[in-house]
Amino acid sequence: MTISGFISTILSYVFTVIIYVFILFVIRLIYLDVKKMSRFEDNSINDMACASIRPVKTAIELTSPLKRRYNIYGEAIVGRSAECDIVINEKFVSQKHLIIWYEGGEWYLEDLGSRNGTHVNGQRIKREVILDPEDEISIGGLKFVFDI
Amino acid sequence: MSDSDIEFGGENMGMNNIKVNYRKPAYLLILLNVLGFGLLFMSKDYNVNILYNGLAVLILFLIMYTTLVVCHMGDKFILLMTFMLMSIGVLILCRINIKYGFRQIIWIIVGGISFFIAYFIYYKVKIWEKLWFVYFITGVALFMITLLFGKTVNGSKNWVGFGTFAFQPSEIIKIMYIMCLSCYYCGTWSKPVLGKVSPKWVTLGITYVFVGFLVLQRDWGTILVMMSIYLFMVYVYEPDKKLLFTNVAALGIIGCLGYKFLYHIQVRISTWLDPWSDIANKGYQITQSLFAIASGGYFGRGLGNGSPYYIPEVHSDFIFAAICEEMGVFGGVAIILLFFLIAYRCFKISVMTDNLYDKAVSFGVTVMFALQTFIIIGGVTKMIPLTGITLPFVSYGGTSIVISFTSLGIIQAISAKTENKSEVTEHEGK
């Protein structure tokens, strides 16, 4: 057997190891990639509680159009300032108007000391209330329907 | 990039805080190439051309991979795995005959250029789904050219040559066919043709027209691939399964008739069932392939120690047998695993994209790759009857390499579209 033949016999094992380690690395990278993707998707939708409010058509003129539906993941502050999770840029909405959050299987709503106040099903709220699906939330003249 | 594979951000665990290290597998690929080409350099009487070949593969890999990672051009793993397959292919080709290896590298460079061209064209042009007629006409025109000017090689008339340059139009037709089918299955082409005929029957007609041309050329491998692409498309997209079963039944009948009347097919089946009775003649190729695979053992006899010259067509169709002989069963299984992973990534791209046309095209291309691999590896290992077809990215063959790269460029463009779109929506969200 020649020298190169001998070396290539040894290297045949090395090649096998290299190829398999390569495949392992690639599988690991793909695994990380898939994990990254699922974290982006699942956290917001599956792991955390999710609800939404949708505006009801009203006659009042709005300075900016509303979206058809606002999603709430776990907790959301509604208000005029850009820091809020749901920004509604109207004069009669306070900077930080109200907060909706999820706790122990229930959705709560509390007014954050707004000037014009918040009404749930027609009643002005003074302290935190539990929200049910199809409850009507009104801020000034704007009306939203709460959905889970 | 840091040494650790994964980094978590401290406070806000956003999506962008995982950093994936793309370098490690690339180092391994380079190591394999350096060792392999060094060994060949030693065993082939210190022929410097081998080192140039290896260098060309490495430089091309580095250029393409860096461009992909730096410019955020979609999925990075497909190209990585493709280059692994290609390096093994070039190594074996250089070992069989340095002339083949050298030509293969030229084709790979052409393929790399066509990869980027296909990427940019597919990425920029937006009207692909409206051009079904163009694809059909191109396909028929290519078939006509093959029938008129074709050369017969190994019993099938599927080569068209201009001087020293020759190519296989059927490889291009496969891509045209997939794009044509996708036009219907993505839903944009719903208007009936010529007043009454629904596009469903038009696609069926196109399939059988193409298959008819291929029968005239006696290119059985391509028929198998094309028919299977159609069946897979119907299986995935058609809610009513009657069409699928009717087609399968029709194919069965056509197959039986072909077996009864065509000598060519009879030989294929009989050598598959029993190659040993006519070992010196008809069964020679497949038995030599089986001997080669068996003599390799688990880890192979080592690069340069085997005797692949006994197998006819070892550089193109039977390259898998040579790989098994010199790199062992584990090497062969690694090739199959790499193809599995490529198919998985492509299917994932197909699932992730929103554009229905892109979905259909990437699905079709993936099915094409997977089926070609299955048909030729199955044929070489005598699992299914042998049909001559190239192993994508590994076999020697200009058209095969260039078209495989082009279809890879299309898939890459689709994945880049999806990736860029999700980045845009993320920024809007913030």
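This note sets out points on the overall form of chain A, one helix of chain B, and the confidence of the model.

1. The model is predicted; local features require pLDDT of at least 70 and side-chain atom pairs pLDDT 80 or more, while totals for chains, interfaces and linings use all residues. Residues are numbered from 1 along each chain as its sequence is written, and chains are lettered from A and ligands numbered from 1 in the order of writing.

2. Chain A contains 1 helix and 11 strands (DSSP runs of H or I, at least four residues, and of E, at least two, numbered from the N terminus). In sequence order, the helix precedes the strands.

3. The radius of gyration of chain A, taken over C-alpha atoms, is 28 Å, whereas a compact globule of 148 residues would have one near 15 Å (the rule being 2.2 Å times the number of residues to the power 0.38). Its C-alpha atoms fill a box of roughly 95 × 35 × 25 Å along the principal axes. Buried residues (20 or more other C-beta atoms within 10 Å of their own, with C-beta atoms placed from the backbone) make up 20% of chain A.

4. In chain B, helix α8 covers residues 220-237. Its buried residues, including Trp220(B), Tyr230(B) and Val234(B), pack against α6 (169-185), α7 (199-217), α9 (242-261) and α13 (356-380) of chain B.

5. The average pLDDT (the predictor's confidence in each residue, from 0 to 100) of chain B is 85, and 92% of the residues score at least 70. Over residues 1-18 of chain B, pLDDT stays under 50. Where pLDDT is low, predicted coordinates should not be read in detail. For the complex, the predictor gives an ipTM of 0.81 and a pTM of 0.77.

Notes:
Buried ≥ 20, exposed ≤ 12 C-beta atoms within 10 Å, placed from the backbone. Expected span 1.5 Å × (residues − 1). Contact = placed C-beta atoms within 7 Å.
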